[in-house]
Structures are given as structure tokens and as C-alpha cells.
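Biologist: I have the sequence and the fold open. Can you walk me through it?
Modeller: Sure, go ahead and ask.

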Amino acid sequence: MQKEWRTILKITNEGPIAFFDSGVGGLTVYAKLKELLPNEKYIYFGDTKHMPYGEKTKNELLEYAGNILDFFIKQNAKAVIMACNTTSSTIYDDIKNKYDLKIYPIVQSVADILSNLPINKLGILATHATVKSNAYKKEIQKHNPAIEVIQIACPEWVKIVEENKLDQPQSIILVKEKLDEILKYNPEKIVLGCTHYPFLIDIIKKFVPEEMLIDPAIYFAKYIKEDLQKNNLIKNNRRYEQIYVSSNPEIFRKSAQRFYQIKNSPELVVFN
């Protein structure tokens with residue numbers, strides 16, 4: 001039987017905090033944690049070769065995540081952030097006891113906080129895979145069965161961000177269509193249930209009051225900081241970051257610029 005990570009993994013606070021996502025979306029979480037913990041070592045992996053994750057099968061996601069987690073182990077990561085709602089929703093339960101790593105999944109980590117909001121009806125905008133998994137609804141209602149959760153899949157939104165098409169008229173139409181769909185249910189708050197979606201905030205707030213929107217990355221980053229502190233894994237290091245991608249480093253850098261300025265060019269890593 002797999003033992004708990006704390007009893008067998010020689011984790012020290014010297015290692016980097018590692019993030020992964022299918023592309024630039026996870027940078028929304030990454031940037032917020034760096035604001036809270038500026039003196040840490042960070043590594044980020046954007047699996048651009050397999051983007052978007054929301055259209056992949058569970059077995060494919062398990063393969064991709066396995067390669068990335070093995071890579072992080074070689075980098076002596078002290079914690080891994082699943083900065084991706086799709087993988088958190090579909091494969092976290094399968095991998096959480098198979099790797100001797102401290103893994104933080106975004107959906108499960110913020111569900112308790114979302115369940116305690118003083119509302120009766122909550123909207124979720126997410127990828128097709130996240131909606132199909134029903135993870136947000138299950139995790140939130142586990143804490144608060146009374147809250148009604150409405151989920152709408154927005155599969156086109158990730159490509160708008162990754163392909164840097166935010167200013168195109170067709171992109172605005174695609175965003176508005178999904179907002180109109182969820183607004184029919186009269187949610188009191190709307191969760192941006194994919195880390196790519198905050199890149200679209202300037203479009204979204206044209207059609208929805210900004211105060212209705214919830215970016216889980218804000219809650220997630222705070223939760224990670226508090227848990228790292230609890231486990232004595234905070235370290236005032238020399239500031240360091242390295243971005244890795246599985247394809248198209250320059251496209252990744254350009255797409256990221258709207259939200260996060262990458263100082264060094266992303267490094268290409270290809271798994272066999």
C-alpha cells in the first residue's frame with residue numbers, strides 16, 4: 001500500500017514549487033502565488049503539445065500528467081500545483097496516492113470556500129471535460145448540499161486564449177453566447193472554472209458585472225500558501241523561475257504576455 005507522502009518523501013523547503021497546465025492558463029494561479037510568496041523557486045510546465053486538455057480522454061490525461069510529474073520529481077519539486085481544472089476534475093483521484101509528492105488540485109482545494117459563499121445559486125463556466133466530470137458540483141455540494149450549481153461548457157474559450165485571438169470579433173461572439181446561456185439560469189455568482197478564462201476578463205465584463213465573477217485562482221493561491229506554511233515548506237530563496245513547454249516556446253511567450261511577463265524564453269522539453 002502506498003504510504004502518505006509526508007512519511008516517505010524527503011521533501012525539504014529548498015526545492016521549487018512546480019505548476020502545470022495545458023498552456024498559459026495556469027499562469028493565472030502562478031502569478032497570484034508569486035505575489036504571496038515572492039522569494040521562492042518556481043518551475044512551470046505548459047503542455048502546449050497536447051493543448052487543450054478539455055478535449056482529451058482520461059487515459060491521455062493520465063499519460064501526460066505522469067510524464068510531467070516524473071519530470072518534476074527529477075527537479076526535486078517540494079510541491080506540485082495542478083493549475084488546471086480539467087486534470088483536477090478528471091484524474092486527481094487516480095494519481096493522488098501514486099506519486100510521492102504533495103499535490104494541490106485546484107477544484108478540490110477551492111470547493112469548500114465556494115460552498116460557504118452566502119448564495120443559493122452558483123454558475124460554473126469550464127471545459128467540456130470539467131463539466132462532464134461533475135467535479136465542481138460534487139465537491140461543492142459535498143460541503144453544502146443546499147447550493148444549486150449550474151455548469152456550462154465553453155470549449156472554444158481555451159483556444160481563443162492560446163491562439164491569442166482575444167481581439168477578434170468571432171471570439172467576442174463565442175464568449176457572449178456562453179454568458180447568455182448561463183445567465184438564463186440567474187446565477188448569483190459565476191466561477192471562471194478554467195485557469196485560461198481570466199485572460200478573457202476584459203471581454204467577459206462587457207456582458208457580466210465584474211462583481212459577479214469568481215476567479216478560483218485567488219482562493220487557490222491563498223490556500224496553497226497557508227498549507228505550505230503549515231507544513232514548514234516556505235523558504236526565502238533567491239528568486240528563480242523557469243518555464244518549460246512541450247512545443248512552440250515563442251507562441252507560448254506571446255500568448256502569456258497579456259497576463260504575465262516571462263523574463264526568460266521558455267525551455268522546450270519533449271518526453272519520449
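**Strands, helices and a cavity**

Modeller: Let's begin with β7 and β8, which run parallel and are joined by two bridges. V191 of β7 has I214 as its bridge partner in β8. Bear in mind that this is a predicted model.

Biologist: What is the strand order in the sheet with β7 and β8?
Modeller: The order is β6-β5-β7-β8, an open sheet of four strands with parallel pairing. The edge strands are β6, residues 148-153, and β8, residues 213-214, and each of them pairs on one side only.

Biologist: Which helix packs on that sheet?
Modeller: Helix α8, residues 135-143, which touches β5, β6 and β7. The direction of α8 makes about 165° with that of β6.

Biologist: How many bridges join β5 to β7?
Modeller: Four, between β5 at residues 121-126 and β7 at residues 189-192, with the two strands running parallel. G123 stands opposite I190 in β7, and I124 stands opposite V191 in β7. V191 also has that partner on the β8 side, I214.

Biologist: What holds strands together in a sheet, in general?
Modeller: Strands pair through backbone hydrogen bonds, either parallel or antiparallel.

Biologist: Next, the sheet with β1. What is its strand order?
Modeller: β4-β3-β1-β2-β9-β10, six strands in an open sheet, and the pairing is parallel. β4 (103-105) and β10 (267-268) stand at the edges with a single partner strand each, so one side of each has no neighbour in the sheet.

Biologist: How many bridges are there between β1 and β2?
Modeller: Five, in the parallel sense, between β1 at residues 17-21 and β2 at residues 41-46. D21 has G46 as its bridge partner in β2.

Biologist: And which strands does α12 touch there?
Modeller: α12 packs on the sheet and touches β1, β3 (79-82) and β4. Its direction makes about 155° with that of β4. Helix α13, residues 249-256, packs on this sheet too, touching β2, β9 (240-245) and β10. The direction of α13 makes about 120° with that of β9.

Biologist: Back to α12. At what angle does it pack with α6?
Modeller: About 100°, with the axes 9 Å apart; α6 covers residues 106-115 and α12 covers residues 216-230. The two helices are therefore roughly perpendicular to each other.

Biologist: Which residues make that contact?
Modeller: From α6, I106, S109, V110, I113 and L114; from α12, P216, Y219, F220 and Y223. By class, eight residues in the contact of α6 with α12 are nonpolar, one is polar and none is charged.

Biologist: Different topic. How many cavities of 30 Å³ or more does the structure hold?
Modeller: One. The largest cavity has a volume of about 90 Å³.

Biologist: Which residues lie nearest its centre?
Modeller: Y53, G54, T86, T127 and V158, out of 15 residues that line the largest cavity. The lining of the largest cavity has six nonpolar, seven polar and two charged residues.

Biologist: I also want the backbone oddities. Where is the cis peptide bond?
Modeller: It joins M51 and P52, and omega is about 0°. P52 is in the loop between β2 and α3, the latter being residues 58-74.

Biologist: Which residue other than glycine has a positive phi?
Modeller: N164 is one such residue, with phi near 55°. N164 is found in the loop between α9 (156-162) and α10 (169-183).

Conventions. Residues are numbered from 1 along each chain as its sequence is written. This is a predicted model: local features need pLDDT of at least 70, side-chain atom pairs count only at pLDDT 80 or more; totals for chains, interfaces and linings use all residues. Side-chain values use heavy atoms; hydrogens and water are left out. Two strands pair if DSSP finds at least two bridges between them. Contact means heavy atoms within 4.5 Å. Axes are lines fitted to C-alpha atoms, for helices over the stretch in contact, and angles run from 0 to 180 degrees between N-to-C directions. On a 1 Å grid over the protein atoms alone, a cavity is a set of points where a 1.4 Å probe fits but cannot get out, and a pocket is an open set with protein on both sides within 12 Å along at least five of seven lines; lining residues have an atom within 4 Å of a point. Grid points are joined across faces, edges and corners, and a volume is the space filled by probe spheres set on the points. Ala, Val, Leu, Ile, Met, Phe, Trp, Tyr, Cys and Pro count as nonpolar, Asp, Glu, Lys and Arg as charged, and the others, Gly among them, as polar. Angles under 35 degrees count as roughly parallel, over 145 as roughly antiparallel, 65 to 115 as roughly perpendicular and the rest as oblique.
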